[in-house]
Amino acid sequence: VQLVESGGGLVQAGGSLRLSCAASGLTFSRYSMGWFRQAPGKEREFVAAISRSDGSRSDGSTYYADSAAGRFTISRDNAKNTVVLQMNSLKPEDTAVYYCAARGGLTATMPAVYDYWGQGTQVTVSS
């Protein structure tokens, strides 16, 4: 299984970035996908997640950390095996390495229950 993030970079406060995660080696639609971030000296924290598409009532359900709600949008394209995090109105406190993760179960906010991780992409927001 491989998860590859892209789209990070340097942006001014108030700007936008679009992170993508390309997945391979797994049946993508059966996995819940999450985005997490980790700033220097801090623990990895939940940002957003989207449920797997397995015909259950939770198909496509999305979940956000309070810090991301209203500014970030997570989406998935099962045909392309990708998950996207659109980040708007970025703030300096959003600066972190952002990670994509996959879980073969229901969506969750705890990093420890995710099965696979990408290598991360740096997001830096200048004031």
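From the N terminus on, every element in this chain is a strand: the order runs β-β-β-β-β-β-β-β-β-β-β. That makes eleven strands and zero helices. Keep in mind that what you see is a predicted model.

Now the overall form. The radius of gyration is 14 Å, and the globule rule gives 14 Å for 127 residues, so the protein is as compact as a globular protein of that length. Along the principal axes, the C-alpha atoms fill a box of roughly 45 × 25 × 25 Å. Of the 127 residues, 42% are buried. The exposed surface comes to about 6,300 Å², with carbon and sulfur atoms supplying 47% of it. As for contacts, take those between residues at least 6 apart in sequence: 60% of them join residues at least 24 apart.

Next, one sheet. In general, strands of a sheet pair through backbone hydrogen bonds, and the pairing can be parallel or antiparallel. Here four strands make an open sheet, in the order β1-β3-β8-β7, and the pairing is antiparallel. Which strands sit at the edges? They are β1, residues 2–6, and β7, residues 72–77; each of them pairs on one side only. From one strand to the next, the twist averages 15 degrees.

Look at the β1 end of that sheet. Strand β1 pairs with β3, which covers residues 17–24, in the antiparallel sense and over five bridges. To find the place on screen, start at Gln 2: Ser 24 in β3 stands opposite.

Now go to the other edge strand, β7, where Arg 76 is found. Is Arg 76 buried or exposed? Its relative accessibility is 16%, and the cut-off for buried is under 20%, so Arg 76 counts as buried.

What does the side chain of Arg 76 reach? One partner is the backbone oxygen of Ser 51, at 2.8 Å. The backbone oxygen of Tyr 31 also lies 2.8 Å from a polar atom of the Arg 76 side chain.

Those two residues are part of a longer list of neighbours. Leaving aside residues up to four places away in sequence, Arg 76 touches Phe 28, Ser 29, Tyr 31, Ser 32 and Met 33, then Ile 50, Ser 51, Arg 52 and Ser 53, and finally Thr 82 and Val 83.

To sum up: eleven strands, zero helices, an open antiparallel sheet of four strands, and a buried arginine, Arg 76, in the edge strand β7.

Methods: Residues numbered from 1 in each chain as written. Predicted model: local features only at pLDDT ≥ 70, side-chain atom pairs only at ≥ 80, totals over all residues. Heavy atoms only, no water. Pairing = 2+ DSSP bridges. Helix = DSSP H or I, 4+ residues; strand = E, 2+ residues; numbered from the N terminus. Axes fitted to C-alpha atoms, helices over the stretch in contact; angles between N-to-C directions. Rg over C-alpha atoms; globule rule 2.2 N^0.38 Å. Buried < 20%, exposed > 50% of the residue type's maximum accessible area, 1.4 Å probe, protein only. Contact = heavy atoms within 4.5 Å. Areas by Shrake-Rupley, 256 points an atom, 1.4 Å probe, with all protein chains shown as cover. Polar contact = N/O pair within 3.5 Å; in protein donor to acceptor, adjacent residues only side chain to side chain.
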